[in-house]
Amino acid sequence: QVQLVESGGGLVQTGGSLRLSCAASGRTFSSYAMGWFRQAPGKEREFVAAINWRGDSTIYVDSVKGRFTFSRDNAKNTVYLQMNNLKPEDTAVYYCAAPKLAGWSASRLPSAYDYWGQGTQVTVSS
């Protein structure tokens, strides 16, 4: 079965950094776009970042531009979200996501993704 497992979340102070990882199993995702989303308490799921299959094209929600970096290591079937200069408003459960079909471009839309991880909690204290 296809699985995505996020890790790397935790509690940090404002201005701190975290690096999230998403390891895929059950399928090789080297030919697939990938996405990161987050959901804060009482809010809807929000797009954070996406990356194309080559890893040479990324998109970000405006609020994280310049602070977050999406990368991937296809040989390890793993993607990463480097999160710098964290703010309290970044507090959320972060999810990685993958589509069923190869060849998708990076997308901001949750509907473009079919597989989701269990999430990892990121808490930024003020």
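These exercises work through a predicted model.

**Exercise 1. The cavity**

Find how many cavities of 30 Å³ or more the structure holds, and state which residues line the largest cavity.

Solution.
- Search the whole structure: one cavity of 30 Å³ or more turns up.
- Take the volume: the largest cavity holds about 40 Å³ of space.
- List the lining: Ala24, Phe29, Met34, Arg72, Asn74, Asn77, Thr78 and Val79.
- Sort that lining by type: four residues are nonpolar, three are polar and one is charged.

**Exercise 2. The nonpolar core**

Determine which residues touch the most other members of the largest nonpolar core.

Solution.
- The core has 36 residues, and Met34, Trp36, Phe68, Phe70, Leu81 and Tyr94 touch the most other members.
- Map the core onto elements: β3 (18–25), β4 (34–39), β5 (46–51), β7 (68–73), β8 (78–83), β9 (92–98) and β11 (120–125) each give two or more residues.
- Look at Tyr94, leaving out neighbours within four places in sequence: its contacts include Trp36, Phe68 and Leu81.
- Tyr94 also contacts Glu6, Leu20 and Arg38, among others.
- Met34 appears again in the lining of the largest cavity.

**Exercise 3. Two asparagines with positive phi**

For asparagine 77 and asparagine 85, decide where each lies and whether each is buried or partly exposed.

Solution.
- Asparagine 77 has phi near 55°, positive in a residue other than glycine.
- Asparagine 77 sits in the loop between β7 and β8.
- Its relative accessible area is 14%, under the 20% cut-off, so asparagine 77 is buried.
- Asparagine 77 is also one of the residues lining the largest cavity.
- Asparagine 85 has a positive phi of about 50° and is not a glycine.
- Asparagine 85 sits in the loop between β8 and β9.
- Its relative accessible area is 42%, between the 20% and 50% cut-offs, so asparagine 85 is partly exposed.

**Exercise 4. An aromatic pair**

Classify the pair formed by the rings of phenylalanine 37 and tryptophan 116.

Solution.
- A search of the whole structure gives five aromatic pairs.
- In this pair the ring centres lie 5.0 Å apart and the planes meet at 55°; that angle falls between the 30 and 60 degree cut-offs, so the pair is tilted.
- Phenylalanine 37 is in strand β4 and tryptophan 116 in strand β10 (residues 115–116), 79 residues apart, so the pair links distant parts of the chain.
- Phenylalanine 37 is buried, at a relative accessible area of 0%.
- Tryptophan 116 is partly exposed, at 27%.
- Phe37, Phe47, Tyr113 and Trp116 make up one aromatic cluster.

Terms used:
Residues numbered from 1 in each chain as written. Predicted model: local features only at pLDDT ≥ 70, side-chain atom pairs only at ≥ 80, totals over all residues. Heavy atoms only, no water. 1 Å grid on protein atoms, 1.4 Å probe; cavity = no way out; pocket = protein on both sides within 12 Å on 5 of 7 lines; lining within 4 Å. Points joined across faces, edges and corners; volume = space filled by probe spheres on them. Nonpolar A, V, L, I, M, F, W, Y, C, P; charged D, E, K, R; others polar. Core = buried A, V, L, I, M, F, W, Y, C linked by side-chain atoms within 4.5 Å. Buried < 20%, exposed > 50% of the residue type's maximum accessible area, 1.4 Å probe, protein only. Helix = DSSP H or I, 4+ residues; strand = E, 2+ residues; numbered from the N terminus. Contact = heavy atoms within 4.5 Å. Phe/Tyr/Trp six-rings, centres within 6.5 Å; stacked < 30°, edge-to-face > 60°.
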